[in-house]
Amino acid sequence: MLTVLGAICLVAIAAVIGWAREPRQYRADPPVSAALDQLRLMPDGIGGTSPEVYFAMGKPYESTGFDLSQGKRLYSWFGCSQCHGDGRGGKGPSFIDGWWLYGPSMVSIVASIRNGRPHGMPAFKDKMTSDQIWQLAGYVRSMGAYSASVVAPSRNDDKTSRPAENRAPAAILFDEGPIPVHPKQGPSP
């Protein structure tokens, strides 16, 4: 009798946990995708403001585990590691050294992925959907995080050369102490 009651309780607990977990949105609605494309960049193209829909959605691309893991998958699929390596850089700049040429904001990262940048960064606006660009930007931003995030994806088993994204690798490799303002970037994150 006790084991049957225990089994029923376990099934009920599992059902509650499954019901309460984070909802997944597999594809953004077309009006939302169109709104996500409306970045307001500053004249120098370095920073700007995210579209209102991004805030209305609750900044999902940098705060949900599903979107960050999708970004990690896209990082691999689109060959970002060929230039940026595991985040430490290579032919392309590092994401975890504490200095971002175009700024560490989501808008700057999205603009870099979408429109490309001089000296080698290709534009992906014709190769990815808006949703995918924002997911990849969220993942790239998590790679350069100074504080650990519980939703950031963990390190692959075959990649042990640096800490996982959910361990805040930038904080380990870069001291964010008093940093002077860079004339082209502004203060680091």
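Q: Let's start with one residue: where does Thr-64 lie?
A: Thr-64 sits in the loop between helix 4 (60-63) and helix 5. Helices here are DSSP runs of H or I with at least four residues, strands are runs of E with at least two, and both are numbered from the N terminus.

Q: Before we go on, what kind of model is this, and what was counted?
A: This is a predicted model, where local features need pLDDT of at least 70 and side-chain atom pairs count only at pLDDT 80 or more, while totals for chains, interfaces and linings use all residues. Residues are numbered from 1 along each chain as its sequence is written, and side-chain values use heavy atoms, with hydrogens and water left out.

Q: Is Thr-64 buried or exposed?
A: Read the relative accessible area: under 20% is buried, over 50% is exposed, and in between is partly exposed (1.4 Å probe, protein chains only). Thr-64 comes out at 17%, so it is buried. Across the protein, buried residues make up 40% of the 189 residues.

Q: How far apart are Thr-64 and Gln-135, in sequence and in space?
A: They are 71 residues apart in sequence, and C-alpha to C-alpha they are 9.8 Å apart in space. Another such pair is Tyr-139 and Ser-63, with their positions 76 residues apart in sequence and 10.0 Å between their C-alphas. Tyr-139 belongs to helix 8 and is buried, with a relative accessible area of 4%.

Q: What is the overall order of helices and strands?
A: Along the sequence you get α-α-β-β-α-α-α-α-α-α-α. That is nine helices and two strands. As for contacts (heavy atoms within 4.5 Å), take the ones between residues at least 6 apart in sequence: 57% of them join residues at least 24 apart.

Q: How do I read the packing of helix 5 and helix 8?
A: Two packed helices are described by the angle between their axes and the distance between the axes. The axes are lines fitted to C-alpha atoms over the stretch in contact, and angles run from 0 to 180 degrees between N-to-C directions. Helix 5 (residues 65-77) meets helix 8 at about 90°, and the axes are 7 Å apart. Helix 5 and helix 8 are therefore roughly perpendicular; the cut-offs are under 35 degrees for roughly parallel, over 145 for roughly antiparallel, 65 to 115 for roughly perpendicular, and oblique for the rest.

Q: Which residues make that contact between helix 5 and helix 8?
A: Helix 5 contributes residues including Phe-66, Leu-68, Gln-70, Leu-74 and Tyr-75, and among those from helix 8 are Gln-135, Leu-136, Tyr-139 and Met-143. By class, the contact has eight nonpolar, six polar and two charged residues. Ala, Val, Leu, Ile, Met, Phe, Trp, Tyr, Cys and Pro count as nonpolar, Asp, Glu, Lys and Arg as charged, and the others, Gly among them, as polar.

Q: What about helix 7 and helix 8?
A: The axes of helix 7 (residues 106-115) and helix 8 (residues 130-143) come within 9 Å and cross at roughly 125°. That makes helix 7 oblique to helix 8. Residues in this contact include Ile-109, Val-110 and Ile-113 from helix 7, and Ile-133, Trp-134 and Ala-137 from helix 8. The contact divides into nine nonpolar, one polar and two charged residues.

Q: How many residues of helix 7 are buried?
A: Nine of the 10, so helix 7 is largely enclosed by the rest of the structure. The cover over its buried residues includes strand 1 (40-41), strand 2 (48-49), helix 3 (52-56), helix 4 and helix 8. Just after helix 7 comes Gly-116, with a positive phi near 80°.

Q: Which non-glycine residue in the loop between helix 7 and helix 8 has a positive phi?
A: Most residues other than glycine have a negative phi. His-119, in the loop between helix 7 and helix 8, has a positive phi of about 70° and is exposed at 84% relative accessibility. Lys-59 also has a positive phi, about 50°; this residue is in the loop between helix 3 and helix 4 and is partly exposed at 36%.

Q: Last one: how many disulfides are there?
A: A disulfide is a pair of cysteine sulfur atoms within 2.5 Å, and the count by that rule is zero. For Cys-83, the nearest cysteine sulfur is that of Cys-80, 8.4 Å away. Cys-83 is partly exposed, with a relative accessible area of 30%.
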